[in-house]
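Biologist: I should like to go through this model with you, one topic at a time. Shall we begin once it is on the screen?

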Amino acid sequence: MTQTPRVLGSPAVRREAADKVTGVARYAAEHTAPGCLYAWPVPASIGRGRITAVHADEVLALTGVHEVLTHENAPRLEPPDDANLAVLQSADVPHRGWYVALVVANSPENAQAAAGALRVEYDEEKPDVTLTADHPGLYTPQEANAGAAGLRERGDFDGAFASAAVQVDATYSMIALHNHPMEPHAATAWWLDGHLTVYDSSQGASTVRDTLAAMFGLRQEKITVLSEHVGGGFGSKGTPRPQVVLAAMATRHTGLPVKVVFPRRQMAAVVGHRAPTIQRVRIGSDTDGVIRALAHEVVTQTSTIREFVEQAAVPARIMYTSPNSRTGHRVTALDVPTPSWMRAPGEASGMYALESAMDELAVAAGVDPVLLRLRNEPDEEPDSGRPFSSRHLTECLAEGARLFGWQPRDPQPGIRREGTLLLGTGVAAAMYPVQVSASSASAHAAADGTFRIRINATDIGTGARTVLAQIAADALGVPLESVRVDIGSSDLPHAPLAGGSSGTASWGWSVHKACRTLVERLHGLVNELPAQGLTVTVDTEEEMAKESPYSRHAFGAHFAEVQVDTVTGEVRVRRLLGMFAAGRILNARTARSQFTGAMTMGIGMALTEGSHLDPVFGDFTENDLASYHVPANADVPEIEAHWIDEEDDHLNPMGSKGIGEIGIVGTAAAIGNAVHHAIGVRLRELPLTPDVVL
Ligand code: MOS
């Protein structure tokens with residue numbers, strides 16, 4: 001409707017940018033009601049067993065302590081869908097770090113001191129926290145994360161692999177990864193006149209509200225959950241987490257406002273993590289690299305209280321043509337914290353293994369790795385036979401290779417020296433599914449000519465307010481400045497979480513629909529707009545009920561150049577370039593930020609991030625930012641993110657795919673492949689720290 005220039009796609013500046021850098025933007029722990037109490041959780045100090053005694057009386061005598069909540073006196077809750085939220089409900093300890101008490105005091109310092117002094121006695125059992133490829137507890141689950149089939153078979157993999165001219169059989173392992181958002185999980189809750197108000201650091205306040213209502217037996221209208229600003233989540237805040245349950249319990253129990261902030265060192269055990277995986281990939285091809293047989297078999301772990309299966313074999317169902325394939329998962333329940341979503345769960349791990357194996361095939365078949373992928377490009381989704389709504393992986397590979405300067409490239413590894421450094425380049429493909437779910441939204445036309453959008457979307461740092469304003473302005477045909485967007489409260493129209501790279505698509509669809517409906521109503525007005533304006537509220541249940549006949553995914557290609565120090569074993573990324581096909585890009589500025597942010601996370605996955613489980617104590621050993629190394633500025637080189645202008649009519653009214661997660665998918669494989677090209681040795685475990693490289 002607008003003429004020039006189109007507001008959708010323009011690099012509009014984040015609406016809350018100034019608020020964030022001046023401290024005006026408030027996060028969950030920064031709302032302090034008068035009389036607010038401070039709570040400090042107490043983690044179990046055993047790897048498995050039962051609580052036999054909690055000596056609460058000793059710490060109740062300490063300065064400033066108001067209350068000690070344990071399984072003996074905490075409010076009884078309805079059993080939640082996610083057993084990880086059933087905190088202080090029983091004496092059982094499923095893993096080390098599981099919360100066994102909550103100390104509530106008049107200051108954070110007094111709460112922390114009392115929590116440290118609390119004596120808890122246990123019946124202790126020896127935990128099993130070690131994943132092995134032949135763990136006796138392994139089984140094939142019905143479903144992996146995101147509803148993926150546990151096992152899929154097509155054709156005759158074993159026969160086709162056995163007779164293939166070129167064979168790759170490689171096993172890759174990754175240890176656990178932690179999301180570690182900048183803002184720890186935090187909640188501030190108060191119970192006043194029968195209404196529960198909670199500021200929670202969450203990726204989706206509507207879900208938190210609904211979960212609290214069910215657990216506390218309250219009507220949804222009696223609860224307001226606010227997540228106005230969220231300092232990252234990467235999936236760890238995609239589901240409600242114990243901080244919000246603990247804060248709600250404590251305010252209900254004490255009648256006073258209570259704040260719970262998880263200390264960084266406790267987070268590894270209670271907010272989910274990327275599960276370790278052991279992935280065997282076998283590829284059989286003709287001499288020219290055309291794949292005949294492909295198997296991707298994943299071994300992973302879950303906890304004893306909830307099944308979560310990292311769906312790492314799923315990308316192999318979508319990426320490359322192979323007439324014979326087996327893709328499956330096996331999982332075992334260990335005495336560990338429950339793994340969960342971490343940026344591109346499934347795809348990030350799975351594409352590390354698959355794209356590393358593709359590089360091994362390129363070497364074995366003597367085919368350039370870019371060309372190898374082009375040769376195995378499918379016409380339709382291999383596993384389902386559905387047509388792709390759009391793909392453009394070949395364009396990403398070709399255009400990325402051109403911009404990166406991929407050729408000329410001598411494929412021989414281990415020969416490019418700069419003093420004590422060895423240099424190499426690597427490539428890997430990326431993919432991430434298009435996900436979208438039902439959302440509601442309202443659009444209001446005010447008598448002064450401005451518009452107001454209301455929707456419980458969440459800004460986890462991505463710029464949700466901004467892009468929703470762009471979508472609304474575009475749909476209304478008005479300047480961006482005349483649209484105001486209210487998000488971040490469960491009192492607003494119900495909306496799904498910021499997760500699965502689906503936020504903008506899901507929210508945007510309902511915002512677009514509300515705005516177009518509003519425009520129609522405004523055109524239909526006989527008289528002037530009434531003084532109170534006009535409001536339209538819609539949802540997209542009907543649109544979501546229609547299942548798309550298309551295979552819908554975003555694709556991309558990563559190119560990396562690395563240097564490997566032959567004396568210290570240190571790997572450094574010199575250049576990283578990503579080329580993406582992700583539908584229409586709705587805001588060039590914030591999209592680039594998401595792509596490069598995820599690629600940076602991919603550098604961490606490849607080189608610095610990793611978390612071991614201590615087999616004796618059952619603990620994650622890297623549980624703070626001093627030992628769990630996220631890339632610092634000096635680790636991050638020039639990162640370039642580019643995209644193809646992709647037109648796809650089978651998505652949503654904006655024509656967008658998700659962009660939050662695809663940036664991390666494939667990055668680690670590109671870096672690992674470059675390391676092989678540099679040193680001539682294939683390393684099959686992440687992260688590639690100096691001890692692994694030397
Ligand atoms: Mo993302 S791991 O679905 O927040």
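Biologist: Which residue follows α6, and what is the sign of its phi?

Modeller: Gly 255 follows α6, and its phi is positive, near 75°. Please note that this is a predicted model, in which local features need pLDDT of at least 70, side-chain atom pairs count only at pLDDT 80 or more, and totals for chains, interfaces and linings use all residues. Residues are numbered from 1 along each chain as its sequence is written. Helices (H or I, at least four residues) and strands (E, at least two) are DSSP runs, numbered from the N terminus.

Biologist: How far apart are the end C-alpha atoms of α6, and what should the helix span?

Modeller: They are 18 Å apart, which agrees with the 18 Å expected for the 13 residues 242–254 at 1.5 Å a residue. The expected span is 1.5 Å times one less than the number of residues.

Biologist: How many residues of α6 are buried?

Modeller: Of its 13 residues, 10 are buried, so the helix is mostly covered. A residue is buried if 20 or more other C-beta atoms lie within 10 Å of its own, exposed if 12 or fewer, and partly exposed in between, with C-beta atoms placed from the backbone. Among the buried ones are Val 244, Leu 246 and Met 249.

Biologist: Turning to Ala 25, where does it lie?

Modeller: Ala 25 is in the loop between α1 (17–22) and β1 (37–43).

Biologist: Why does it count as partly exposed?

Modeller: Ala 25 does so because it has 16 C-beta neighbours inside 10 Å.

Biologist: Which residues does Ala 25 touch, leaving out those up to four places away in sequence?

Modeller: Ala 25 touches Glu 16, Asp 19, Lys 20 and His 229. Contact requires C-beta atoms, placed from the backbone, within 7 Å.

Biologist: Now the sheet: in what order do β4, β2 and β6 come?

Modeller: The order is β4-β2-β6, in an open sheet of 3 strands with antiparallel pairing. β4 (92–93) and β6 (120–124) are the edge strands, each pairing on one side only. Two strands pair if DSSP finds at least two bridges between them.

Biologist: How many bridges join β2 to β4?

Modeller: There are 2 bridges between β2 (residues 49–54) and β4. Gly 49 has Val 93 in β4 as its bridge partner.

How values were computed:
Contact = placed C-beta atoms within 7 Å.
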